Structures are given as structure tokens and as C-alpha cells.
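Reader: I'm new to this one and would like to go through it slowly. Could you show me the structure, and then we can talk about what surrounds the ligand?

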Amino acid sequence: MKILAIETSCDETAIALVDAKGGVKQPRFKIEKNLVASQIKIHRPFGGVVPNLAKREHLKNLPILFKKLVASGYSLNPDLIAVTVGPGLEPALWTGINFAKELHKKLKIKILGVNHLEGHLYSPKLEGNKNLDFPAIALIISGGHTILLNVKNMASWKKIGETVDDAVGECYDKTARLLNLPYPGGPEIEKLAKDGDPNTIQFPRPMIHQKNYDFSFSGLKTSVLYFFRENKNEEFVKKYKLSKKPEKISKADIAASFQQAVFDVLTIKTLRAVKEIKAKSLIIGGGVAANRSLQKAFKKKIKKENLKLNLFIPSPKFCTDNAAIIAAAGYISFLKNKKMALKAQANLNL
Ligand code: KG4
Ligand code: ZN
């Protein structure tokens, strides 16, 4: 079936046309068009996403993207319109929902609300037709969420852990601000960290030894803040187990050490879950999954621990927000007959 998908939950306006087949167990997707209009430049001067500006930009961009889709020659006779209803910024979500509702009326096509997080969960299925073996563990790491799922099959999963405070992406963005890096901070920190030594500073690894699968990232960002403020005395050197003199530490060392703390927490907790449920696959999705150094950290640890595990991480354009992932989630929701209210649900979870 052909799915027209619309995504406006945050700062990307996105429309996609996707052909979906294969059923719930082995869905296959052919992406006909995947259009994204990024608002990064608009929000950058404010150091983060401004909801009302996001709304204004979505209202402007939705018709432009739709026209582009029509102009590219695709016959617009989809079987379903899938639109993100949450989680996200309420004013931003409404723009996509209202646009989808108008199309639904005009084109007389079925409409279905989609959970954005399910989009991130299904994102690895958009590329290639490799089958996912189950059970699987899924780690969703985005600007608003950090979630671990025990995935029985494509249509059924159970949340086993999540962040108790900040999401990983949020922690990246806030730490980037402390380092005077522009929004969004994730790619900036990753870039800067390439010139740094990840073993320079031992930042805390919150909840790493706790038996549960929850995460906490707000303390890590605070620790980076204190690192700047504290007196650079002997106690300081001991506290952070510095590998070099404080005056020799560069911004790149801080970025690399910060990332190492994030990678340690994510890999250790996720792979503990993998071992516990004897997972055959590991899915990692969401904006932070685009981080190549994080991908390497997972590959290295999987190898070191000798785990027989298929790793599924989408390419960067399917990690960050786009509408093709919403089409994928829309397809599964449609087959499961899952119906969600067509209204903005800012705090929707999995
Ligand atoms: O999934 P996403 O595009 O939007 C949400 O659903 O939240 O994720 C956005 C988040 C931002 O916090 C951004 O800084 C982070 O993903 N991000 C990254 C990278 N690229 C995007 N974080 C770390 N490294 C990256 N390369
Ligand atoms: Zn997202």
C-alpha cells in the first residue's frame, strides 16, 4: 500500500511517499520520496527550538514540500495518510495534523495518527530487506527520549527502561551550549571530540551499576558545568582522575571525555539487556544514533564481549527526524488496527 506521511513534531518539516508491503512480520518499504525542510538555521540563534517559530516554519514549509512532491511526478493516490500526533511540541504537532486532515478531506483518503517514537523503532527497516531476528533489544536515543525496549516481534514490545531525567540528545545539546557550540549540539560535540582524548576526564557515569535499565543524564551535563567552575587544585585533579594538567586540557578533550561517559553508560546498560533476554538483534534509532563514534563504541563492545548479535542502525538521514519513518510506523499501526486520536499528544510515550 502507498502511504503519504507527514512529520512536524519538532524542527523538521517532512513529507514522504512510501510503498509498504510484506505484512507485520516482514514489512518491506520502498521510499518513493522523502522530503525534509530543516529549520536548524532559524532556531540556531536561540540555542534551541522555539515552539512558535517551529509552528510558523511548518505552516510555511508544508505546502512547499507538498507541491514539490506533486511536481516530482508521483501520482498522488495513496491508500493512507499517516501523521505524527506525538510526542513533540504541541503547536508544531498541530500544524502537521491539520494539514493531514485537510488532505484527508480533499483527497478522501484514510488518515491515521502515528507515534513518532514508533517511527524511530522501525527506522532500520527502511533500508534493505534484511530480516530482523527476534527477540531484539531496541535503544531509542533522540532529543526528547532515551528508551530501552524488549522487542518480541515487529508489532509487539515492552519498555524495560528509560531516562529518569534528561534525554541523551538533550544532554548533548545542553553540554554543547556550555562549550559555546551551536544548536543542535550532538553533531558539533561529535566533530570536536575527534581532536580530543576521551580518557582525559572521568565524568560520572550515572546509574551505570544499577541493575535496572533506566538512565540519568542530567548529572553528566551538570558535571561538565562544575568542571569549568571549580578551582583547578589538587583535589580537582583527583576528583576527575585527570590524565593531564588542567591547563593542558582542551575543549576537544572535554567533548571526547563527555562522549566517552555517554557511550559507557549506553553500551553497558544496553548490552546487559541484550544478554539478559538473549537478544539476536539490536536496533538503535533516533538522532543520537547518527553519531559514528557511538556506533563504533557499540561495535567494539559487541566484538569484545563476543556477542552473536545483528546490529541495526539506520543511515544518518533515517536516524534524525523524517517522514519515511512515520510511514513505516503508519503501516504497522494500520495492520495492527491501532487507532490514535487525531490531536496533538505532546507527552505520548511508548
Ligand atoms: O530524533 P531527532 O532528530 O529528534 C527527536 O525526535 O528528538 O533527534 C535530535 C537529537 C538532538 O538532540 C541532536 O543533538 C541529536 O539528536 N543528534 C546527535 C547527532 N546528530 C543529532 N547527537 C549526537 N551525535 C550526533 N551526530
Ligand atoms: Zn525523533
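Reader: How do the residues of the shell around ligand 1 divide into nonpolar, polar and charged?

Author: In this predicted model, the shell around ligand 1 divides into five nonpolar, 12 polar and three charged residues. There are 20 residues around the ligand, and those that come nearest are G143, D173, E190, G287 and N291.

Reader: OK, and which helix gives the most to that shell?

Author: That is α6, which gives four residues to the shell around ligand 1. Helices α4 (116-122), α5 and α6 (185-193) each supply at least two residues of this shell.

Reader: What about polar contacts, say from an oxygen atom of ligand 1 to the side chain of D173?

Author: An oxygen atom of ligand 1 lies 2.7 Å from an N or O atom in the D173 side chain, and for the side chain of D321 the distance from a ligand oxygen to an N or O atom is 3.0 Å. With G169 the partner is in the backbone instead, where a polar atom is 3.2 Å from an oxygen of ligand 1. Taken on its own, ligand 1 has 550 Å² of accessible area, and the protein covers 89% of this.

Reader: And where does ligand 1 sit?

Author: Ligand 1 sits in the largest pocket, which holds about 990 Å³ of space. This pocket is lined by 39 residues, and C10, S142, G143, D173 and Y183 are the closest to its centre.

Reader: Which helix has the largest share of that lining?

Author: For the pocket lining the largest share comes from α5, with six residues. At least two lining residues are supplied by each of α4, α5, α6 and α11 (316-319). By class, the lining of the largest pocket has 14 nonpolar, 16 polar and nine charged residues.

Reader: Switching topic: how many cavities of 30 Å³ or more does a search of the whole structure find?

Author: The search finds two cavities of that size. The largest cavity holds about 30 Å³ of space, and the residues that line it are G47, D173, A176, R177, L181, P182, Y183, P184 and G185. Helix α5 (residues 168-178) makes up the largest share of this lining, with three residues, and by class the lining has five nonpolar, two polar and two charged residues.

Reader: And what lines the second largest cavity?

Author: The second largest cavity is lined by P124, K125, E127, G128, K130 and F312, and about 30 Å³ of space lies in it. Its lining has two nonpolar, one polar and three charged residues.

Reader: You listed P184 in a lining, so to speak of the backbone there: is the peptide bond from Y183 to P184 cis or trans?

Author: The bond from Y183 to P184 is cis, with omega near -5 degrees, and P184 is found in the loop between α5 and α6. The peptide bond from F134 to P135 is cis as well, with omega near 5 degrees; P135 has its place in the loop between α4 and β6 (136-141).

Reader: One last thing about the backbone: is phi of K241 positive or negative?

Author: Phi of K241 is near 45 degrees, which is a positive value in a residue other than glycine. K241 is found in the loop between α8 (234-239) and α9 (251-277).

Definitions and conventions: Residues are numbered from 1 along each chain as its sequence is written. Chains are lettered from A and ligands numbered from 1 in the order in which they are written. This is a predicted model: local features need pLDDT of at least 70, side-chain atom pairs count only at pLDDT 80 or more; totals for chains, interfaces and linings use all residues. Side-chain values use heavy atoms; hydrogens and water are left out. On a 1 Å grid over the protein atoms alone, a cavity is a set of points where a 1.4 Å probe fits but cannot get out, and a pocket is an open set with protein on both sides within 12 Å along at least five of seven lines; lining residues have an atom within 4 Å of a point. Grid points are joined across faces, edges and corners, and a volume is the space filled by probe spheres set on the points. Ala, Val, Leu, Ile, Met, Phe, Trp, Tyr, Cys and Pro count as nonpolar, Asp, Glu, Lys and Arg as charged, and the others, Gly among them, as polar. A residue is near a molecule or strand if one of its heavy atoms lies within 4 Å of it. A polar contact is a pair of N or O atoms within 3.5 Å; within protein, one must be able to donate a hydrogen and the other to accept it, and residues adjacent in sequence count only if both atoms are side-chain atoms. Accessible areas come from the Shrake-Rupley method with a 1.4 Å probe; for residues, only the protein chains shown count as cover. A molecule sits in a cavity or pocket if more than half of its atoms lie within 2 Å of its grid points.
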